[in-house]
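Student: Could you take me through one part of this structure slowly, step by step? I would like to see how its pieces fit together.

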Amino acid sequence: MCGAEQPDPEQYDEDDPTTWPHDLDHVIPIGEGGARTSLDNLGLACQTCHEAKSKAEALRANHRRRTGR
């Protein structure tokens, strides 16, 4: 999302998630109709972008619950 390059898997410890520079993300959130298991709905996002996107998705979900939409 921000243009950060995909990391070289040799540069982090696969057993230690705190060293992972990117997170796996559902492009279209499941709660908004995205497919849970489709590879087309998965992507990598840097941790900063993933956190910001997740917060925005949570705000939308909370708004839908409050307004019934």
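Tutor: Happy to! Keep in mind that this is a predicted model. Let's begin at the end of our chosen part: Gly 68, just after helix 1, takes a positive phi of about 80°. Now step back into the helix itself. Helix 1 has 21 residues, and from its first C-alpha to its last it reaches 30 Å, close to the 30 Å expected at 1.5 Å a residue.

Next, look at which residues are hidden. Cys 49, His 50, Lys 53, Glu 57 and Ala 61 are the buried ones to find in helix 1. They cover an arc of only 100° around the axis, so they sit on the same side of helix 1. Here is a general idea that helps: an α-helix has 3.6 residues a turn, so residues three or four places apart point the same way. Turn the model around, and the face away from the buried side carries the exposed residues Thr 48, Lys 55, Leu 59 and Arg 66. What covers the buried residues includes strand 1 (22–26) and strand 2 (42–46).

Let's zoom in on one of the buried residues, Lys 53, which lies in helix 1 (residues 47–67). Lys 53 counts as buried because its relative accessibility is 16%, and the cut-off for buried is under 20%. Beyond its neighbours within four places in sequence, Lys 53 is in contact with Met 1, Asp 25, His 26 and Val 27. With Val 27 there is a polar detail as well: the side chain of Lys 53 reaches the backbone oxygen of Val 27 at 3.2 Å.

Notes:
Residues numbered from 1 in each chain as written. Predicted model: local features only at pLDDT ≥ 70, side-chain atom pairs only at ≥ 80, totals over all residues. Heavy atoms only, no water. Helix = DSSP H or I, 4+ residues; strand = E, 2+ residues; numbered from the N terminus. Buried < 20%, exposed > 50% of the residue type's maximum accessible area, 1.4 Å probe, protein only. Polar contact = N/O pair within 3.5 Å; in protein donor to acceptor, adjacent residues only side chain to side chain. Contact = heavy atoms within 4.5 Å. Expected span 1.5 Å × (residues − 1). Arc of directions from axis to C-beta.
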